[in-house]
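The exercises below are meant to be worked through with the sequence and the structure side by side. Try each task before reading the solution that follows.

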Amino acid sequence: MKITAAVARSGTAQMRLEQLELDELRDDEVRVRLVATGVCHTDALVRDQVLPASLPAVLGHEGAGIVDAVGARVTSVVPGNQVVLSFRSCGGCGPCAAGHPAACTEFDPLNFGGARSDGTRSLRDSEQQPVSSHFFGQSSFASYANVAERSVVRVGPTAALPLLGPLGCGISTGAGTVWNVLAPPPGASLAVFGGGAVGGAALLAGLVSDCAQVIVVDVVPSRLALAATLGAHHVIDARHEDPVARIRELTGSGAEYAIDTTGNPAVFRQMIDALAPHGHGALVGAAAPGTEARIDVGAFLVRAPTITGVIEGDADPAVLIPRLLALYEAGRFPFDALVTEYPFADIDRAFADALSGDVVKPILRFPHRDRDTSAGAAR
């Protein structure tokens, strides 16, 4: 079938809307008509080849949509179901069996390989040349996608589907890291470095966990203002204050828990230095391969913190996404305050606004059509 997709091609920082050909479903796949998809910093890193991946490609990995068709072996969803998409995992390795699919031993090839596990790609362009597909198991910058059943999480028919795509990655990463890895007890202090979508989700998760102090550090005034509106107990503008000194002043000896969502080596160092003795910090921000950070070995030894690298919040999407949705519907996790919507055709503007800090989490809305007949159409 013909679909409309945003294609990242080598040598340009922009994406071009093109008509592509989507191949037939495999027995273990679900064809999803995308309603909306989030824009994530990882998409920009791959588009710009900071993180290596095969181009041309259809990126996108925070999709939400409606099941259009299912393969012969699919049992968890049927056509018409509303679904949120998430990353791909094999389901058979040790980490998957232990409930840690984000640590899947096949995570890199399944999510960054640009193809199915058998090497086939589901997309071809107008010249019948293959286009990399199945990015993070999805390639959701497209009106339709063929995805593995393990990447599909069913949600109820009344769920606010256009908002939910980021639950599959950015929101799950922030919240899952707080709940699954840091696990702060009520009354604890939590420092969040970076007030973007992942940091905003970490902030909300800290509030759900009844942290006594949730402190957000950023350099963008609008993000700090939003964090305060969402309930942060303190916000720190790192342009004007030393965040390490300020966090120690606020907490007495440092934050008991912290998360760095930026991937910036200097910020990572600040997170470590801001931890209390025996504090626990998590790194979730991506950086270019080869990026290194310096630490004070003596201070690290004396303060004895724990530092954990975390992918996708160490979450099982089938467990975490329904929890996030339930909290949102109960008014306890208002992640919709992070969202700004764009028509799919404005994908490049959405990326630019996210990069500038003008918006926190862009969501692209797809035009409502049963089948696409022309590229670039938008409601």
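**Exercise 1.** Which are the buried residues of helix α11 (residues 347-356)?

Solution. The model is a predicted one, and a residue counts as buried when its relative accessible area is under 20%. In α11 the buried residues are Ile347, Ala350, Phe351 and Asp353. Looking down the axis of α11, one finds these buried residues within an arc of 165°, so they line one face of the helix. The next step is to ask what this face meets: the buried residues of α11 pack against the strands β1 (2-8), β2 (15-22), β16 (339-343) and β17 (361-365), and also against helix α1 (41-47). After α11 comes Gly357, which has a positive phi near 90°.

**Exercise 2.** Find the order of the strands in the open sheet of six strands, and explain why β12 and β15 each have one side without a neighbour.

Solution. Reading across the sheet, the order is β12-β11-β10-β13-β14-β15, and the pairing is parallel. Because β12 (234-237) and β15 (306-309) stand at the edges with a single partner strand each, one side of each has no neighbour in the sheet. Between neighbouring strands of this sheet the average turn is 15°, with direction ignored.

One pair can then be examined in detail: β10 (residues 189-193) and β11 (residues 213-218) run parallel and are joined by five bridges. Within this pair, Ala191 has Ile215 of β11 as its bridge partner. Helix α7 (residues 243-251) packs on the sheet, where it touches β10, β11, β12 and β13 (255-260), and its direction makes about 170° with that of β11. Helix α8 (residues 265-273), for its part, lies across β10, β13, β14 (275-283) and β15, and runs at about 145° to β14.

**Exercise 3.** Describe how the strands are arranged in the open sheet formed by four strands.

Solution. The order here is β1-β2-β6-β7, with antiparallel pairing. The edge strands are β1 and β7, each of which pairs on one side only. Taking β6 (residues 123-124) and β7 as the pair to inspect, one finds two bridges between these antiparallel strands, and Arg124 stands opposite Pro130 in β7.

**Exercise 4.** Decide how helices α4 and α5 are oriented to each other, and which residues make their contact.

Solution. Two packed helices are described by the angle between their axes and the distance between the axes. For α4 (residues 170-182) and α5 (residues 197-208) the angle is about 40° and the axes are 7 Å apart. The two helices are therefore oblique to each other, and their crossing is right-handed. On the side of α4 the contact is made by residues including Gly170, Ile171, Gly174 and Val178, and on the side of α5 by residues including Ala197, Ala201, Ala205 and Val208.

**Exercise 5.** Are the loop residues Phe335 and Ser140 buried or exposed?

Solution. Phe335 lies in the loop between α10 (317-329) and β16, and with a relative accessibility of 1% Phe335 counts as buried. Leaving out residues up to four places away in sequence, Phe335 touches Leu163, Leu164, Leu167, Ile171, Leu204 and Tyr328. The C-alpha atoms of Phe335 and Ala201 are separated by 6.8 Å, although these residues are 134 residues apart along the chain.

Ser140 lies in the loop between β7 (130-131) and β8 (144-148), and at 0% relative accessibility Ser140 also counts as buried. With residues up to four places away in sequence again not counted, Ser140 touches several residues, among them Leu34, Thr37, His61, Glu62 and Phe366.

How values were computed: Residues numbered from 1 in each chain as written. Predicted model: local features only at pLDDT ≥ 70, side-chain atom pairs only at ≥ 80, totals over all residues. Heavy atoms only, no water. Pairing = 2+ DSSP bridges. Axes fitted to C-alpha atoms, helices over the stretch in contact; angles between N-to-C directions. Contact = heavy atoms within 4.5 Å. Buried < 20%, exposed > 50% of the residue type's maximum accessible area, 1.4 Å probe, protein only. Arc of directions from axis to C-beta. Parallel < 35°, antiparallel > 145°, perpendicular 65-115°, else oblique. Left-handed = near helix turned anticlockwise from the far one by under 90°.
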